[in-house]
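User: I'm new to reading structures, so please zoom in on one part for me: the salt bridges and the strands around them. Take your time and connect things as you go.

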Amino acid sequence: MSAAPLLSLALLALAADPPPLAVRDVRLAPERDAPRVTLLVRHGVLEAIEDATQPVPPGRRVLEGAGRLVLPAFVDAFTQAGLSAPEP
């Protein structure tokens, strides 16, 4: 198989629009009695925060949070904090 069809498939996969997401039944604060909410995400951006008792809008992929804590995160893959770099 030549590389052209594989490249076409890869580009098609990248161009596909992922379905909107609902992360259901999560907490936004560490307290065990913190309100449980549903996070609505579209294109990787938080669109809305709704009460967990509300129905999920149709057409969303649902991830069950089971009461877990959700926090914003940033991962720096090139961090050097706490690491000693080897000498060249």
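Analyst: Let's start with the term itself: a salt bridge is a side-chain nitrogen of Lys or Arg within 4 Å of a carboxyl oxygen of Asp or Glu. Searching the whole structure turns up four salt bridges.

Two bits of housekeeping before we look at them. This is a predicted model, where local features need pLDDT of at least 70 and side-chain atom pairs count only at pLDDT 80 or more, while totals for chains, interfaces and linings use all residues. Residues are numbered from 1 along each chain as its sequence is written, and side-chain values use heavy atoms, with hydrogens and water left out.

Now for the setting. The protein chain has one helix and four strands (DSSP runs of at least four residues for helices, H or I, and at least two for strands, E, numbered from the N terminus). Going along the sequence, you meet them in the pattern α-β-β-β-β. The four strands make an open sheet in the order 3-2-1-4, with mixed pairing (two strands pair if DSSP finds at least two bridges between them). Strand 3 and strand 4 are the edges, each pairing on one side only. Strand 1 and strand 4 run in the parallel sense, paired over four bridges, and across that pairing Ala 22 stands opposite Val 62 of strand 4.

Keep that pair of strands in view, and here comes a salt bridge. Glu 64 and Arg 24 are joined, with their closest N and O atoms 2.5 Å apart. Glu 64 sits in strand 4 (residues 61-64) and Arg 24 in strand 1, so this pair links distant parts of the chain, 40 residues apart. How open are the two partners? Glu 64 is partly exposed, with a relative accessible area of 48% (buried means under 20%, exposed over 50%, partly exposed in between, using a 1.4 Å probe and protein chains only). Arg 24 is partly exposed too, at 30%.

Next door in the sequence, Asp 25 meets Arg 36 in a salt bridge, 3.2 Å from N to O. Asp 25 belongs to strand 1 and Arg 36 to strand 2, so this pair ties together parts that are 11 residues apart in sequence. Arg 36 is partly exposed at 40% relative accessible area.

Moving on to strand 3, Glu 47 bridges to Arg 60, and the closest N and O atoms are 2.3 Å apart. Glu 47 is in strand 3 (residues 45-51) and Arg 60 in the loop between strand 3 and strand 4, so the pair ties together parts that are 13 residues apart in sequence. The two ends sit in contrasting surroundings: Glu 47 counts as partly exposed at 42%, whereas Arg 60 counts as buried at 13%. There's a bigger picture here as well, with Arg 42, Glu 47 and Arg 60 linked in a network of salt bridges.

Arg 27, back in strand 1, is worth a stop too. It is buried, with a relative accessible area of just 5%. Leaving aside neighbours within four places in sequence, Arg 27 is in contact (heavy atoms within 4.5 Å) with several residues, including Arg 32, Arg 36 and Val 70. From C-alpha to C-alpha, Arg 27 and Val 70 are 6.1 Å apart, although 43 residues separate them in sequence.

The strands share a greasy side as well. Leu 21, Val 23, Val 26, Val 37, Leu 39 and Val 41 form the largest nonpolar core (buried Ala, Val, Leu, Ile, Met, Phe, Trp, Tyr and Cys residues joined through side-chain atoms within 4.5 Å). Strand 1 (21-27) and strand 2 (36-42) are the elements that each give two or more residues to this core. In soluble globular proteins, nonpolar side chains tend to be buried together. Within the core, Val 23 touches Val 37 and Leu 39, and its contacts beyond four places in sequence also include Thr 38 and Leu 63.

Ile 49, over in strand 3, is partly exposed at 46%. Beyond four places in sequence, Ile 49 touches Leu 28, Val 37, Thr 38 and Leu 39.

Finally, step back to the protein chain as a whole. Buried residues make up 17% of its 88 residues. Of the contacts with a separation of 6 or more, 43% come from residues 24 or more positions apart.
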